[in-house]
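Here's a quick briefing to read alongside the structure. Have the viewer open and click along as you go.

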Amino acid sequence: MQECAAYLRSLGVSPSPQRVAIYDFLKKNPVHPTVDTIYQSVLEQLPAISRTTVYNTVKRLVLAGAIQEVIIEDGELRFDANIKSHAHFKCMECGKVYDLFPPEGVAPVEKIHGLPDGFQVTQIHLCCRGRCQSCSSILES
């Protein structure tokens, strides 16, 4: 937890117990949780925490660059403490979300075909959907 507090301090974020607990949870649980999942998980450690505090904290951590928002489904924001550029894969059978890392120095998407001149891409959220290896092997059995 002290490492988390020091990291947040280095980003200019005051390391309150709530912020440290939420960041620590995200670092230790790379499952791309929603605000509700984070709330339920840190509630045991911080019984007085509210959903609003969790929501405000993840927004603050995103703005500071400590975590990133991940869009897997329409209308559902998830959060990831791994801020390296990467894509995601969601298994439509079991619902797990996996990180997809391109080779070092290569963007997940090299070029956006059809993008008009003068447009600038500032974010790309790439999520592939299908069946993970475990679910595929169950179906083949």
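Strands β3 (residues 87-91) and β4 (residues 97-100) run antiparallel to each other, paired over four bridges. Keep in mind that this is a predicted model. The notes below start with that hairpin, then move on to helix α2 and the core.

**The β3/β4 hairpin**
- Five residues sit between the two strands of this hairpin, and G95 takes a positive phi near 85°.
- Across the pairing, F89 of β3 stands opposite Y98 in β4.

**Helix α2**
- Helix α2 covers residues 17-28, and its end C-alpha atoms are 16 Å apart.
- That agrees with expectation, because 12 residues at 1.5 Å a residue should span 16 Å.
- Its buried residues are V20, A21, I22, Y23, D24, F25 and L26.
- Those buried residues pack against three other helices, α1 (2-10), α3 (35-43) and α4 (51-64), and also against strand β2 (76-80).

**The nonpolar core**
- The largest nonpolar core holds 24 residues, and I22, I38 and I67 have the most contacts inside it.
- Helices α1, α2, α3 and α4 each chip in at least two residues to this core.
- Helix α2 gives the most, with six residues.
- As a rule, nonpolar side chains in soluble globular proteins tend to be buried together.

**A look at I67**
- Which residues does I67 touch, leaving aside its neighbours within four places in sequence?
- I67 is in contact with Y23, L26, V58, L61, V62, F79, D80, A81 and I83.
- Two of those partners, Y23 and L26, are also among the buried residues of α2.

Technical notes
Residues numbered from 1 in each chain as written. Predicted model: local features only at pLDDT ≥ 70, side-chain atom pairs only at ≥ 80, totals over all residues. Heavy atoms only, no water. Expected span 1.5 Å × (residues − 1). Buried < 20%, exposed > 50% of the residue type's maximum accessible area, 1.4 Å probe, protein only. Contact = heavy atoms within 4.5 Å. Pairing = 2+ DSSP bridges. Core = buried A, V, L, I, M, F, W, Y, C linked by side-chain atoms within 4.5 Å.
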